[in-house]
Amino acid sequence: MGRSQAWLASIPGTHGDTFSAATGRGACINCGFCLGFGCEVGAKSSSLATVIRVRSAPAVRDSSQLLRASHRTDASGRAVGAVYFDEKRDTHLQKAKAVIVCANGAETPRLLLLSANKQFPHGLANSSGIVGKYLMLNSGGVVIGQFEHPLNDYKGYAVSRVLHDFYELDPQEVGFYGGGGLDARFDFTPITFAYGGLPPGTPRWGKDFKAALADDFNRTMEIFCHGTSLPLETTASHSTRSKGRLGPACASPDVQRSSR
């Protein structure tokens, strides 16, 4: 690439300011270590920073994994609690007035399907029969470019700008359905950049490797290209069982991908 301006520089962070007065969360300091790390100033909106620390200690069950919502439901059809096992693999029922399942796109339907009972033989909240189906998987590729001047693209929180101009293309022109988004994120840490972000032909050892890593990290820009996720019934998340026992919620779901 030719000459370019250092158009992305260090910008004072405001991420987290909105909630700092109410929850004690700090403002983003643009350290660049968001993905995969805890936040040193507590600015992230993760459960660790927002939920767990504002709850009393006895309300948090650490070293535990959720198995399912309770097999028992009350007269109105609501689950009476949640079943989990602790670090000793002992199973417990935690009764509750309300059970909220929020385990993302794969684990949420899996837990609902594992919570089937006589009243709901096909799983909780599944009167439609489509819980777990039409799972929209994410696909994409990464384009990396190196500029002459420092960009400091690692600073700031990731995924703060996405271009959707090409999200839906004309199938008559390109021969397929869908398209994708262009997502400007630099989610390399120095060590991951050393393994996969350096230009081809860069020395992988010694003084020249260290010099290239120190110089190229600040001059590199990354674009993540998201592929359109088509909702197909055959792309589904299923409940899993192992030797007659329910598997832990952290296990990977069985996923079927359509060949269409």
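Trainee: In what order do the three strands of the open sheet stand?
Mentor: This is a predicted model. Its three-stranded open sheet has antiparallel pairing. Strand E1 (65–69) and strand E3 (91–95) stand at the edges with a single partner strand each, so one side of each is left without a neighbour in the sheet. The order is E1-E2-E3.

Trainee: What does the twist of this sheet average from one strand to the next?
Mentor: The sheet in question is the one with the order E1-E2-E3. From one strand to the next, its twist averages 30°.

Trainee: Which residue in E3 is the bridge partner of Phe85?
Mentor: Strand E2 (residues 81–85) and E3 run antiparallel and are joined by five bridges. Phe85 also has the charged end of Arg89 over its ring, 4.2 Å from the centre. The bridge partner of Phe85 in E3 is Thr91.

Trainee: Which strands stand at the edges of the sheet of four strands?
Mentor: The four strands form an open sheet in the order E4-E7-E6-E5, with antiparallel pairing. An edge strand has a single partner strand, so one side of it is left without a neighbour in the sheet. The edge strands are E4 (139–146) and E5 (162–163).

Trainee: Which residue in E7 does Val142 stand opposite?
Mentor: E4 pairs with strand E7 (residues 220–227) in the antiparallel sense over eight bridges. The residue opposite Val142 also has Arg185 over the face of its ring, at 5.1 Å from the ring centre. That residue is Phe224.

Trainee: How many residues make up the largest nonpolar core?
Mentor: Among the members are Tyr154, Phe186, Phe193, Leu198 and Phe217. Helix H5 (190–196) and helix H6 (206–216) each supply at least two residues of this core. Another core, of six residues, lies apart from it and includes Ala69 and Leu112. The largest core has nine residues.

Trainee: Which residues do ring pairs link into a cluster with Phe186?
Mentor: Leaving aside neighbours within four places in sequence, Phe186 is in contact with residues including Tyr154, Phe193 and Phe217. Ring pairs link Phe186 into a cluster with Tyr154, Phe188, Phe193 and Phe217.

Trainee: Is Phe37 buried, partly exposed or exposed?
Mentor: Phe37 forms an edge-to-face aromatic pair with Phe33, at 5.2 Å centre to centre and 80° between the planes. Phe33 has a relative accessible area of 34% and is partly exposed. The relative accessible area of Phe37 is 38%, and buried would need under 20% and exposed over 50%. Phe37 is therefore partly exposed.

How values were computed. Residues numbered from 1 in each chain as written. Predicted model: local features only at pLDDT ≥ 70, side-chain atom pairs only at ≥ 80, totals over all residues. Heavy atoms only, no water. Core = buried A, V, L, I, M, F, W, Y, C linked by side-chain atoms within 4.5 Å. Buried < 20%, exposed > 50% of the residue type's maximum accessible area, 1.4 Å probe, protein only. Contact = heavy atoms within 4.5 Å. Pairing = 2+ DSSP bridges. Phe/Tyr/Trp six-rings, centres within 6.5 Å; stacked < 30°, edge-to-face > 60°. Lys NZ or Arg CZ within 6 Å of the ring centre and 35° of its normal. Axes fitted to C-alpha atoms, helices over the stretch in contact; angles between N-to-C directions.
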